[in-house]
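Visitor: Please take a close look at one buried spot for me, and then carry on from there into the rest of the model. I would like the contacts and distances spelled out.

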Amino acid sequence: MLRAVAKIVAWLVGGLLGTAVLLYLLLLVVNLHDEPPSPAAQRFAEVRAKRPAVADENNAFIYLVGMGVDAQYDPQQAGLAMVAMERNRPPQEDSAGYTHPDYPQNDAIKISAKPLLDLLEACRTIGSSCLKFLDSKADTVTLGPPEQLLVERYRTLITFPEWRESGVTYNGPIPSYSPALNGQKLMLLDCWQLADDKAMNRCNGLLEADAHFWRNVFNSADSLITSMVAVRAMGNNLIWTNLIMRRDTKHPSRIAIPATWQRPISDDERAMERTWSGEWQFVESILSKVQSDGFGVLDGMQDKQTISAHMENWFMRPLFLHQATLNQQASSFVEVMEQYRTPYAQLPAVAAKRNASLPFGGEELSFPHMFYNPIGKILNEIGKPNYGGYMLKVADLEGARRALLATAALRTTHTPREKAAEMLTQLPLRNPYTNQPFAWDEATGCVLFEGLSETHNRYQFPL
């Protein structure tokens with residue numbers, strides 16, 4: 001009896017092992033050949049190749065890299081040294097951030113004065129607490145030496161005419177954007193404090209330079225991190241432009257809306273093609289490292305020469321096709337680009353549909369395609385971010401831009417608060433998603449725009 005049971009078990013185990021071997025052999029046959037570069041991959045490679053060259057002396061990225069150095073150093077020279085050091089770094093070495101031994105970083109290049117911190121905390125969102133703080137205390141807030149240095153450096157930063165990031169790779173450094181964003185807050189506050197004196201032309205110039213700079217950074221961004229930082233900075237400019245206009249009650253048209261905001265956010269801007277081409281290059285750098293060093297790269301274990309690591313690579317590498325994986329990633333990026341450059345009225349439906357999308361981009365899992373490049377498919381799905389969330393932040397900027405213009409129209413026509421809701425219905429400036437007039441919040445006296453993105457999607461413009 002026991003011998004019969006053992007026979008059955010042996011047959012079952014043998015059958016399972018045989019089936020597994022046959023299945024693996026089938027996978028090997030299906031994955032014998034990689035794909036050629038797809039049109040989408042060729043498109044991104046062409047975008048990367050056609051990026052305009054930028055001289056170091058014109059490149060704001062170089063200056064931003066060095067913005068956080070001690071006061072006695074020049075950020076441009078420090079940035080040049082840091083970027084040069086990064087370019088000479090052996091490709092196998094990881095780099096967490098831009099550094100240089102001759103240019104120590106200064107953590108004091110940030111907002112530290114408590115009155116300033118209190119003000120910025122109160123104005124994290126533009127509501128009644130922010131307006132009360134501005135109207136009662138903001139004139140008494142002064143900048144200490146660290147903050148003054150930060151503002152000076154920021155004003156220099158936004159004079160640079162061009163932006164080009166260094167190569168975006170899986171182990172490359174990410175510059176700190178905190179000095180730039182903190183410097184912007186201080187400069188905008190400084191403009192607000194100038195709104196009652198004779199420095200209006202200077203303030204107008206700074207608002208336009210700031211808006212133009214960040215819109216240019218956005219359009220030249222080679223990574224999602226940079227593009228989203230630029231979106232945040234543009235949103236800050238929109239909000240504070242209105243606060244500064246509101247400050248000058250005697251001459252409501254003396255502060256001009258930056259010319260940058262007279263231009264709508266274009267379809268090409270919303271597509272973010274250059275950014276997605278940079279993200280595609282980033283993915284390519286990871287996949288090339290996996291191809292050369294094995295899958296341990298993904299969890300920092302490439303230096304571990306264990307038996308299990310060797311077995312893992314031996315079984316998995318034949319099922320990972322480098323170019324096919326890149327092609328799939330390029331197709332995903334092109335798909336999201338094209339979906340989110342559709343008319344604004346269609347974006348709510350696009351976002352809802354993407355949130356309900358199938359795994360692997362909804363690809364048809366037919367034979368033999370379902371067995372083709374299985375490891376590459378999995379890699380493309382692991383940790384996949386919500387691409388639509390990034391795109392909606394950009395689209396929301398157009399709604400905020402229109403809401404700013406609508407608020408300015410109410411102000412220049414001297415519309416009283418009790419008539420604001422009625423006046424908004426008569427303006428051609430509408431919510432881009434619904435084509436309805438912008439909402440009016442009587443309690444706070446604000447023109448409201450609710451965007452589609454999940455975070456930072458509520459814009460309030462006090463009249």
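Guide: Let's begin with His 100, which is found in the loop between helix 4 (75-87) and helix 5 (114-122). Please keep in mind throughout that this is a predicted model. His 100 has a relative accessibility of 18%, so it counts as buried, the cut-off being under 20%. Its side chain has a polar partner in the backbone: a polar atom of the His 100 side chain lies 3.0 Å from the backbone nitrogen of Asp 102. Leaving aside residues up to four places away in sequence, His 100 touches Ala 81, Met 82 and Met 85.

That spot belongs to a chain with 18 helices and three strands. Of its 463 residues, 49% are buried. Among the contacts with a separation of 6 or more, 76% are between residues 24 or more positions apart.

Another buried side chain to visit is Arg 401, in helix 17 (residues 387-412). Arg 401 has a relative accessible area of 6%, so it falls under the 20% limit and is buried. You may want to follow its polar partners. A polar atom of the Arg 401 side chain lies 2.8 Å from the backbone oxygen of Trp 261, and a polar contact of 2.9 Å joins the side chains of Arg 401 and Glu 398. Trp 261 also appears in the list of residues that Arg 401 touches, not counting those up to four places away in sequence: Leu 238, Trp 261, Gln 262, Arg 263, Pro 264 and Ile 265. As for Leu 429, it is 28 residues from Arg 401 in sequence, while the C-alpha atoms of the two are 9.7 Å apart.

Now to the strands. Strand 1 (residues 439-441) pairs with strand 2 in the antiparallel sense, over three bridges. Asp 441 stands opposite Cys 446 there, the latter being in strand 2. Four residues separate the two strands of this hairpin, and in it Gly 445 takes a positive phi near 70 degrees. On to the next pairing: strand 2 and strand 3 (residues 458-462) run antiparallel and are joined by five bridges. Cys 446 turns up again here, opposite Pro 462 in strand 3, and Val 447 has Phe 461 of strand 3 as its bridge partner. As background, side chains in a regular strand alternate between the two faces of the sheet. Strand 2 (residues 446-450) is largely enclosed by the rest of the structure, because four of its five residues are buried. Strand 3 is mostly covered as well, with four of its five residues buried.

The strands lead us to the rings. The structure holds 15 aromatic pairs. One of them is formed by Phe 438 and Phe 449, an edge-to-face pair with 6.1 Å from centre to centre and 80 degrees between the planes. This pair links distant parts of the chain, 11 residues apart: Phe 438 is in the loop between helix 18 (417-426) and strand 1, and Phe 449 is in strand 2. Phe 438 has a relative accessible area of 5%, so it is buried. Phe 449 is at 1%, so it is buried too. Both rings belong to a cluster that ring pairs build from Tyr 344, Tyr 433, Phe 438, Phe 449, Tyr 459 and Phe 461. Phe 461, you will recall, is the bridge partner of Val 447.

Within that cluster, Tyr 344 has charged neighbours over its ring. Arg 270 lies over the face of Tyr 344, at 4.1 Å from the ring centre. The charged end of Arg 402 sits over the ring of Tyr 344 too, 5.8 Å from its centre.

Finally, a word on confidence. The chain has a mean pLDDT of 83, and 82% of its residues reach 70 or more. Confidence is highest in helix 3 (residues 60-65), at a mean of 95, and lowest in helix 13 (residues 307-316), at 63. Over residues 358-362 pLDDT stays under 50, and the model has four contacts for them beyond four places in sequence. Where pLDDT is low, the predicted coordinates should not be read in detail.

Notes
Residues numbered from 1 in each chain as written. Heavy atoms only, no water. pLDDT = per-residue confidence, 0-100. Contact = heavy atoms within 4.5 Å. Buried < 20%, exposed > 50% of the residue type's maximum accessible area, 1.4 Å probe, protein only. Pairing = 2+ DSSP bridges. Phe/Tyr/Trp six-rings, centres within 6.5 Å; stacked < 30°, edge-to-face > 60°. Lys NZ or Arg CZ within 6 Å of the ring centre and 35° of its normal. Polar contact = N/O pair within 3.5 Å; in protein donor to acceptor, adjacent residues only side chain to side chain.
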